Amino acid sequence: MELRAESLTVQQMRTFCSVYEHGGYSNAERHLGLSGPTMWEHVKTLEMIYHQVFFERSGRNVRPTSEGHVLYQLLMPLLASIESSFELIREQAGDTPTQVSLVTGVRMMMEELGVPLAKFRKSNANVKLRLMTSDNQTAQNFVLEGKADVALLIEPPPAILAKGLTCERLYPIEYLAVLPARHRLGKLPEVSLADLVAEPLILGNQNTVGRQQLEQAVFRLGLNQPLSVVAETDNSAVTVACVRAGMGVGVIAGKHDGNLTRHVTTRSLAKDLGIVHIVAAYRTGRSLTQVVHRLLGLLKQ
């Protein structure tokens, strides 16, 4: 008799996805706590059920076949949905989640989250907030690995949004040129990227969303002069600190009236770089609890 869906187990699916994510059985073994032979048997059973090969040897590790890629994309949201069902059923029965884990950037933590988080705590006194800070890519990994319920991010373009994540827009911010006090450009009512190309620049590193957007805009506008980057950072708070120290002009995504920009001058770069959104990223297929929905609702306000 042909093996079909009734032969699948959740553990087999989890094993397959873990081997896929970690690139091999030994790395997945440390993550799942299962022995290598057990995981190998789970994957081979899936291959028998689907009549396909999902992994190929690559040195000491494995790499997914095209069929393996497709299966991973199908199983990840299914597993996320199954895992979230336990939280939802407990909540429905009156057992409110006792902790919500957020990971976000330093700037957002300092600038925008204080008021909504305080409101959330006031109305959800029994829920502990676990707050972590990280760069965009690491924050995405935290969510995929189950270390955080939600990541609050500058909206990443599709090319750098991790597979298996869904984004929900919360609120807009804009790109800003951050100028030292009494800088000559601060006398202008408007500043463009063309005004900045000759300046010593403090930018996010190559992996940040803002840096990629900036370089795309420079190319689009035909600004052929190479950028003079004197420092690269991994968050806007460090960028502003460098500007305050007189190292150069910074470019960040933020707000004009935020705490970070009190003692510097800012000018909008929205004409060249557009508006960007802060998003909540969570695992595709996951159904959020009402507690998390309430928190995201406060953030949208």
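Biologist: Which residues have the most contacts inside the largest nonpolar core, and how many residues does that core have?

Modeller: In this predicted model, the largest nonpolar core has 44 residues, and those with the most contacts inside it are Leu-152, Leu-196 and Leu-269. Apart from that core lies another, of 19 residues, among them Met-13, Phe-16, Ala-28 and Leu-32. As a general background, nonpolar side chains tend to be buried together in soluble globular proteins.

Biologist: What is Leu-152 in contact with, leaving aside its neighbours within four places in sequence?

Modeller: With those neighbours set aside, Leu-152 is in contact with Leu-102, Val-103, Thr-104, Gly-105, Met-108, Leu-113, Leu-170, Val-279, Ala-280 and Leu-299. One of these, Thr-104, has its place in strand β3, which covers residues 99-104.

Biologist: Why does Thr-104 count as buried?

Modeller: The relative accessibility of Thr-104 is 1%, and the word buried is kept for values under 20%, so Thr-104 counts as buried. Its contacts, again without the neighbours within four places in sequence, are Met-109, Leu-113, Met-132, Thr-133, Ser-134 and Leu-152.

Biologist: How do you know that the span of helix α1 agrees with its number of residues?

Modeller: Helix α1 has 13 residues, from 10 to 22, and at 1.5 Å a residue they should span 18 Å; because the C-alpha atoms at its ends are 18 Å apart, the two values agree. Just after α1, Gly-23 takes a positive phi of about 75°.

Biologist: Which residues of α1 are buried, and what do they pack against?

Modeller: The buried residues of α1 are Gln-12, Met-13, Thr-15, Phe-16, Cys-17, Ser-18, Val-19 and Tyr-20. They pack against the helices α2 (25-32), α3 (36-50) and α4 (66-92), and against the strands β1 (55-58) and β2 (61-64).

Biologist: Why does His-51 count as exposed?

Modeller: His-51 has a relative accessibility of 53%, and exposed requires a value over 50%, so His-51 counts as exposed. This residue lies in the loop between α3 and β1, and it has a positive phi of about 60° although it is not a glycine.

Biologist: Why does Arg-182 count as exposed?

Modeller: Arg-182 has a relative accessibility of 79%; set against the cut-off of over 50%, that value makes Arg-182 count as exposed. Arg-182 is found in the loop between β6 (165-179) and α8, and its phi is positive, about 65°, although the residue is not a glycine.

Biologist: What makes Val-243 count as buried, and which residues does it touch?

Modeller: At 1% relative accessibility, Val-243 falls under the 20% cut-off, and therefore Val-243 counts as buried. Val-243 is found in helix α10, residues 236-244, and, not counting residues up to four places away in sequence, it touches Val-178, Leu-179, Pro-180, Ile-202, Gly-248, Val-249, Gly-250 and Val-264. The C-alpha atoms of Val-243 and Thr-45, which are 198 residues apart along the chain, are separated by 58 Å.

Biologist: How many cavities of 30 Å³ or more does a search of the whole structure find, and which residues line the largest cavity?

Modeller: The search finds one cavity of 30 Å³ or more, and about 40 Å³ of space lies in the largest cavity. Its lining is made by Leu-193, Leu-196, Val-197, Leu-201, Leu-214, Val-218, Leu-227 and Val-251, and the elements that give two or more residues to this lining are α8 (193-196) and α9 (209-220).

Biologist: How do the residues of that lining divide into nonpolar, polar and charged?

Modeller: The lining of the largest cavity has eight nonpolar residues, no polar and no charged.

Notes:
Residues numbered from 1 in each chain as written. Predicted model: local features only at pLDDT ≥ 70, side-chain atom pairs only at ≥ 80, totals over all residues. Heavy atoms only, no water. Helix = DSSP H or I, 4+ residues; strand = E, 2+ residues; numbered from the N terminus. Expected span 1.5 Å × (residues − 1). Buried < 20%, exposed > 50% of the residue type's maximum accessible area, 1.4 Å probe, protein only. Contact = heavy atoms within 4.5 Å. 1 Å grid on protein atoms, 1.4 Å probe; cavity = no way out; pocket = protein on both sides within 12 Å on 5 of 7 lines; lining within 4 Å. Points joined across faces, edges and corners; volume = space filled by probe spheres on them. Nonpolar A, V, L, I, M, F, W, Y, C, P; charged D, E, K, R; others polar. Core = buried A, V, L, I, M, F, W, Y, C linked by side-chain atoms within 4.5 Å.
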